[in-house]
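Below are my notes on the model you sent, as numbered points. They cover salt bridges, open and closed spaces, and the nonpolar packing.

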Amino acid sequence: MIPFSILDLSPIGQGKSISESFSLSLAMAQRAETHGYQRYWLAEHHGMSGVGSSSPAVLLSHIGAGTSTIRLGAGGIMLPNHAPLVVAEQFGTLAELYPNRIDLGLGRAPGTDMLTARALRRNMQASVDDYPQDVQELERLLGDGPFDKGIVAVPGRQTNVPLWLLGSSLYSAQVAAEFGLPYSFASHFAPDQLMQALTVYRRHFKPKKEGDKPYTMAGIMAVLADTQEEADYLFTSAQQQFVNLRRGGNHAFPAPVESMDTIWSPSESHMVSHALQFAVVGTKASVAHQLSSFIEKTEIDELIISFPIYDGEKRLASLGLMSELRHEMVDYVA
């Protein structure tokens with residue numbers, strides 16, 4: 001069975017504190033390590049009342065101190081928001097603190113609204129069009145080669161932190177293929193171009209050295225519980241969050257509700273169902289076929305999972321159930 005990993009946004013629950021969200025993220029990483037998950041990644045978002053992971057490098061240091069073997073990383077750092085040298089120093093520091101455990105996933109979206117994006121940018125000329133060059137510069141700064149025009153990342157140089165490219169479009173797939181880097185597709189919220197992007201990436205992949213092969217990851221959301229009714233109930237938090245985002249609201253991650261009927265319109269229901277079409281919601285038995293079909297269809301090398309669950313204990317329990325299902329899925333994937 002392929003490795004399973006976790007994507008976390010350190011959600012800030014309605015009526016809960018940011019420090020509570022950080023404590024739960026640490027507990028999630030520790031539980032994931034116990035259950036044999038491959039990696040634990042944090043995503044960079046800014047200005048969102050329901051998301052605590054605006055500074056992945058800082059939070060990863062906290063999580064690294066509380067774990068010992070699981071790989072840690074960003075899924076991802078939004079590179080247009082930062083100078084590559086700063087990112088190299090941050091993740092070089094993490095690589096020195098937690099050797100052979102750090103990944104660096106890179107995205108080209110701002111991870112926020114455009115007003116906040118303008119406040120984040122290192123200068124007004126910074127652009128997503130610089131993304132390929134910034135990726136290459138970052139790779140040089142973390143590598144073993146000669147200094148880039150006398151610029152050296154300390155820490156960072158010679159750490160060779162593995163880079164991943166992340167995306168939800170054919171563009172990101174093409175860049176990942178051109179640079180011979182592993183590729184992760186954001187199908188957990190942007191499903192439309194999943195299969196096309198994977199095909200483009202695999203078809204055009206250029207190995208850096210002999211033996212290199214394409215390596216693909218794709219994301220899903222998962223809410224597993226002991227009963228279908230409980231899972232459906234817990235999943236309403238994610239559904240509400242997507243409705244809030246569509247309406248331009250900026251709210252904490254919502255508590256679940258008994259019914260969405262009075263919350264969303266028919267068009268909003270359709271939008272959310274489409275965006276979250278790859279979410280698996282139910283019991284181990286009820287989602288096993290859906291999960292195995294996703295893996296078989298995409299032929300991915302690794303699955304990354306987010307657990308959009310308001311209650312911390314329920315989120316930890318869902319993580320455990322997914323781990324159990326992975327071990328049982330040899331009966332379903334053959």
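1. In this predicted model, Glu-178 and Lys-206 form a salt bridge, with 2.9 Å between the closest N and O atoms. Glu-178 sits in helix 6 (residues 170-179) and Lys-206 in the loop between helix 7 (194-204) and strand 7, so the bridge ties together parts that are 28 residues apart in sequence. Glu-178 is partly exposed, at 43% relative accessibility. Lys-206 is also partly exposed, at 41%.

2. A salt bridge also joins the side chains of Glu-268 and Arg-247, at 2.8 Å from N to O. This pair links distant parts of the chain, 21 residues apart: Glu-268 belongs to helix 9 (residues 266-275), and Arg-247 to the loop between helix 8 and helix 9. The two ends differ in burial: Glu-268 is buried, with a relative accessible area of 9%, whereas Arg-247 is partly exposed at 49%.

3. Lys-284 and Glu-324 make a further salt bridge, their closest N and O atoms lying 2.9 Å apart. Lys-284 is in helix 10 (residues 284-298) and Glu-324 in helix 11 (residues 312-328), so this bridge ties together parts that are 40 residues apart in sequence. Glu-324 has a relative accessible area of 37% and is partly exposed.

4. How many salt bridges does a search of the whole structure find? The count is ten. Some of the charged residues are linked in a network of salt bridges, made up of Arg-39, Arg-71, Asp-103 and Glu-302.

5. Next, the pockets. The largest pocket has a volume of about 980 Å³. It is lined by 42 residues, and those closest to its centre are Leu-9, Ala-43, His-45, His-188 and Phe-189. Several elements each supply at least two lining residues: strand 1 (4-8), strand 3 (71-78), strand 5 (163-167), strand 6 (183-185), strand 7 (216-224), helix 8 (228-246) and strand 9 (302-306). By class, the lining of the largest pocket divides into 22 nonpolar, 16 polar and four charged residues.

6. The second largest pocket holds about 250 Å³ of space. Its lining consists of Trp-164, Gly-180, Leu-181, Pro-182, Tyr-201, Phe-205, Lys-208, Lys-209, Asp-212, Lys-213, Pro-214 and Tyr-215. Seven of these lining residues are nonpolar, one is polar and four are charged.

7. Phe-205, one of the residues lining the second largest pocket, is in the loop between helix 7 and strand 7. Is Phe-205 buried or exposed? Phe-205 is buried, with a relative accessible area of 13%. Setting aside neighbours within four places in sequence, Phe-205 is in contact with Ala-177, Gly-180, Leu-181, Asp-212, Lys-213 and Pro-214. Of these contacts, Gly-180, Leu-181, Asp-212, Lys-213 and Pro-214 also appear in the lining of the second largest pocket. For a sense of distance, Phe-205 and Lys-314 are 40 Å apart in space, C-alpha to C-alpha, and 109 residues apart in sequence.

8. Closed spaces come next. Two cavities of 30 Å³ or more are found in the whole structure. The second largest cavity has a volume of about 30 Å³. Phe-4, His-35, Gly-36, Tyr-37, Ser-323, Arg-326 and His-327 line this cavity. Helix 11 gives the most to the lining, with three residues. The lining of the second largest cavity counts two nonpolar, four polar and one charged residues.

9. Which residues have the most contacts inside the largest nonpolar core? They are Leu-104 and Met-322, in a core of 90 residues. Leu-104 touches Ala-74, Ile-77, Val-87, Phe-91, Leu-138, Leu-142, Val-161, Pro-162, Leu-163 and Trp-164, residues up to four places away in sequence not being counted. Another core, of seven residues, lies apart from the largest one; among its members are Trp-41, Trp-164, Leu-166 and Met-217.

10. Trp-164 deserves a second look: it is a member of the seven-residue core, is touched by Leu-104, and lines the second largest pocket.

11. Last, Ser-172 lies in helix 6. Ser-172 is buried, at 2% relative accessibility. Leaving out neighbours within four places in sequence, Ser-172 is in contact with Leu-166, Gly-167 and Tyr-183. Leu-166 is also among the members of the seven-residue core.

Key:
Residues numbered from 1 in each chain as written. Predicted model: local features only at pLDDT ≥ 70, side-chain atom pairs only at ≥ 80, totals over all residues. Heavy atoms only, no water. 1 Å grid on protein atoms, 1.4 Å probe; cavity = no way out; pocket = protein on both sides within 12 Å on 5 of 7 lines; lining within 4 Å. Points joined across faces, edges and corners; volume = space filled by probe spheres on them. Helix = DSSP H or I, 4+ residues; strand = E, 2+ residues; numbered from the N terminus. Nonpolar A, V, L, I, M, F, W, Y, C, P; charged D, E, K, R; others polar. Salt bridge = Lys/Arg side-chain N within 4 Å of Asp/Glu carboxyl O. Buried < 20%, exposed > 50% of the residue type's maximum accessible area, 1.4 Å probe, protein only. Core = buried A, V, L, I, M, F, W, Y, C linked by side-chain atoms within 4.5 Å. Contact = heavy atoms within 4.5 Å.
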